[in-house]
Amino acid sequence: MLIYVLFMLAIAYFLYKESIKLLKDESELLKEFAADPAAKKTALSLMRKVLLSSIFSAGLMLACFVVTKTTGVMPKPLAAISILCYTIGFIHAMFKAKNMR
(Lines give C-alpha, C1' and ligand atoms only; values in the text may rest on other atoms or scores of the structure.)
Protein backbone atom coordinates (compact mmCIF):
# COMPACT_ATOMS: atom_id res chain seq x y z
CA MET A 1 0.00 0.00 0.00
CA LEU A 2 2.78 2.42 0.82
CA ILE A 3 4.48 1.69 -2.49
CA TYR A 4 1.22 2.60 -4.25
CA VAL A 5 0.98 5.84 -2.25
CA LEU A 6 4.57 6.77 -3.09
CA PHE A 7 4.02 5.95 -6.75
CA MET A 8 0.90 8.13 -6.93
CA LEU A 9 2.69 10.99 -5.21
CA ALA A 10 5.62 10.64 -7.63
CA ILE A 11 3.21 10.88 -10.56
CA ALA A 12 1.60 13.95 -9.02
CA TYR A 13 4.99 15.59 -8.45
CA PHE A 14 6.10 14.87 -12.02
CA LEU A 15 2.89 16.29 -13.47
CA TYR A 16 3.13 19.36 -11.25
CA LYS A 17 6.69 20.07 -12.35
CA GLU A 18 5.86 19.44 -16.00
CA SER A 19 2.84 21.77 -15.85
CA ILE A 20 5.00 24.53 -14.37
CA LYS A 21 7.52 24.03 -17.18
CA LEU A 22 4.71 24.10 -19.74
CA LEU A 23 3.39 27.37 -18.33
CA LYS A 24 6.88 28.87 -18.68
CA ASP A 25 7.30 27.35 -22.18
CA GLU A 26 10.34 25.38 -20.98
CA SER A 27 8.87 21.89 -21.31
CA GLU A 28 10.97 19.51 -23.37
CA LEU A 29 8.36 16.77 -23.09
CA LEU A 30 5.43 18.81 -24.41
CA LYS A 31 7.07 21.24 -26.85
CA GLU A 32 4.32 20.95 -29.45
CA PHE A 33 1.66 22.07 -26.96
CA ALA A 34 3.56 25.19 -25.91
CA ALA A 35 3.17 26.78 -29.34
CA ASP A 36 -0.63 26.62 -29.51
CA PRO A 37 -2.45 28.42 -26.65
CA ALA A 38 -5.59 26.27 -26.95
CA ALA A 39 -3.60 23.03 -26.92
CA LYS A 40 -1.55 24.33 -24.00
CA LYS A 41 -4.70 25.10 -22.02
CA THR A 42 -6.14 21.65 -22.75
CA ALA A 43 -2.88 19.89 -21.87
CA LEU A 44 -2.67 21.77 -18.58
CA SER A 45 -6.28 20.89 -17.80
CA LEU A 46 -5.66 17.20 -18.48
CA MET A 47 -2.47 17.15 -16.43
CA ARG A 48 -4.33 18.83 -13.58
CA LYS A 49 -7.07 16.20 -13.77
CA VAL A 50 -4.60 13.31 -13.59
CA LEU A 51 -2.62 15.07 -10.86
CA LEU A 52 -5.71 15.55 -8.69
CA SER A 53 -6.95 12.01 -9.23
CA SER A 54 -3.54 10.60 -8.27
CA ILE A 55 -3.39 12.72 -5.11
CA PHE A 56 -6.93 11.73 -4.15
CA SER A 57 -6.15 8.07 -4.85
CA ALA A 58 -2.99 8.27 -2.73
CA GLY A 59 -4.98 9.84 0.12
CA LEU A 60 -7.59 7.08 0.03
CA MET A 61 -4.93 4.38 -0.05
CA LEU A 62 -3.12 6.03 2.84
CA ALA A 63 -6.39 6.04 4.79
CA CYS A 64 -6.75 2.36 3.91
CA PHE A 65 -3.23 1.72 5.24
CA VAL A 66 -3.95 3.55 8.51
CA VAL A 67 -7.20 1.63 9.02
CA THR A 68 -5.42 -1.64 8.32
CA LYS A 69 -2.67 -0.88 10.83
CA THR A 70 -5.04 0.29 13.55
CA THR A 71 -7.79 -2.32 13.26
CA GLY A 72 -5.95 -5.20 11.60
CA VAL A 73 -8.68 -5.52 8.96
CA MET A 74 -8.08 -4.31 5.43
CA PRO A 75 -10.99 -2.25 4.06
CA LYS A 76 -11.06 -3.75 0.56
CA PRO A 77 -13.80 -1.44 -0.75
CA LEU A 78 -11.72 1.61 0.18
CA ALA A 79 -8.67 0.18 -1.60
CA ALA A 80 -10.78 -0.63 -4.66
CA ILE A 81 -12.28 2.88 -4.71
CA SER A 82 -8.78 4.33 -4.45
CA ILE A 83 -7.54 2.41 -7.47
CA LEU A 84 -10.76 3.07 -9.38
CA CYS A 85 -10.47 6.81 -8.72
CA TYR A 86 -7.07 7.05 -10.38
CA THR A 87 -8.06 4.72 -13.21
CA ILE A 88 -11.14 6.76 -14.11
CA GLY A 89 -9.22 10.05 -13.96
CA PHE A 90 -6.40 8.70 -16.11
CA ILE A 91 -8.66 7.09 -18.72
CA HIS A 92 -10.84 10.21 -18.93
CA ALA A 93 -7.77 12.37 -19.52
CA MET A 94 -6.46 9.98 -22.18
CA PHE A 95 -9.75 10.03 -24.08
CA LYS A 96 -9.73 13.82 -24.04
CA ALA A 97 -6.09 13.85 -25.18
CA LYS A 98 -6.96 11.52 -28.03
CA ASN A 99 -9.61 13.98 -29.20
CA MET A 100 -7.08 16.85 -29.12
CA ARG A 101 -5.21 15.66 -32.19
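Select Ser53 in this predicted model and display its surroundings: leaving out residues up to four places away in sequence, Ser53 touches Cys85, Tyr86, Gly89 and Phe90. Ser53 is found in helix H3, and because its relative accessible area is 7%, under the 20% limit, Ser53 counts as buried.

Move along to Ser54, which also has its place in helix H3. Ser54 is buried, with a relative accessibility of 0%. If neighbours within four places in sequence are again set aside, the contacts of Ser54 are Met8, Ile11, Ala12 and Tyr86. To see how the fold brings separate parts of the chain together, draw a distance between the C-alpha atoms of Ser54 and Val5, which lie 49 residues apart along the chain and are separated by 8.9 Å.

Select Tyr86 next. Which residues does Tyr86 touch, not counting those up to four places away in sequence? The list consists of Tyr4, Met8, Ile11, Val50, Ser53, Ser54 and Ser57, so that both serines visited above appear in it.

From Tyr86, widen the selection to the largest nonpolar core, which has 23 residues. Within this core, the members that touch the most other members are Met8, Leu15, Leu22, Phe33, Met47, Met61 and Tyr86. Colouring by element is useful here, with helix H1 (2-23), helix H2 (31-35), helix H3 (37-71) and helix H4 (76-100) each giving two or more residues to the core. Of these elements, H3 supplies the largest share, namely ten residues.

Now select the two cysteines Cys64 and Cys85 and show their sulfur atoms. A disulfide is a covalent bond between the sulfur atoms of two cysteines. How many disulfides does the model contain? The count comes to zero. For Cys64, the nearest cysteine sulfur is that of Cys85, 14 Å away, and because a disulfide would require the two sulfur atoms to be within 2.5 Å, Cys64 is in none. Cys85 is likewise in no disulfide, the sulfur of Cys64 being its nearest cysteine sulfur. Cys64 is also buried, with a relative accessible area of 0%.

Finish on the surface by selecting Phe90, Ile91, Met94 and Phe95, which form a nonpolar patch with about 380 Å² of accessible area together. Phe90 has been met before, as one of the residues that Ser53 touches. Within the patch, centre the view on Met94, whose place is in helix H4. Is Met94 buried, exposed or partly exposed? Its relative accessible area is 41%, which lies between the limits of 20% and 50%, and therefore Met94 is partly exposed.

Notes. Residues are numbered from 1 along each chain as its sequence is written. This is a predicted model: local features need pLDDT of at least 70, side-chain atom pairs count only at pLDDT 80 or more; totals for chains, interfaces and linings use all residues. Side-chain values use heavy atoms; hydrogens and water are left out. A nonpolar core is a set of buried Ala, Val, Leu, Ile, Met, Phe, Trp, Tyr and Cys residues joined through side-chain atoms within 4.5 Å. Buried means under 20% relative accessible area, exposed over 50%, partly exposed in between (1.4 Å probe, protein chains only). Helices (H or I, at least four residues) and strands (E, at least two) are DSSP runs, numbered from the N terminus. Contact means heavy atoms within 4.5 Å. Patches are made of residues with over 30% relative accessible area and no salt bridge: like charges are joined within 9 Å, nonpolar side chains (Val, Leu, Ile, Met, Phe, Trp, Tyr) within 5 Å. Accessible areas come from the Shrake-Rupley method with a 1.4 Å probe; for residues, only the protein chains shown count as cover. A salt bridge is a side-chain nitrogen of Lys or Arg within 4 Å of a carboxyl oxygen of Asp or Glu.
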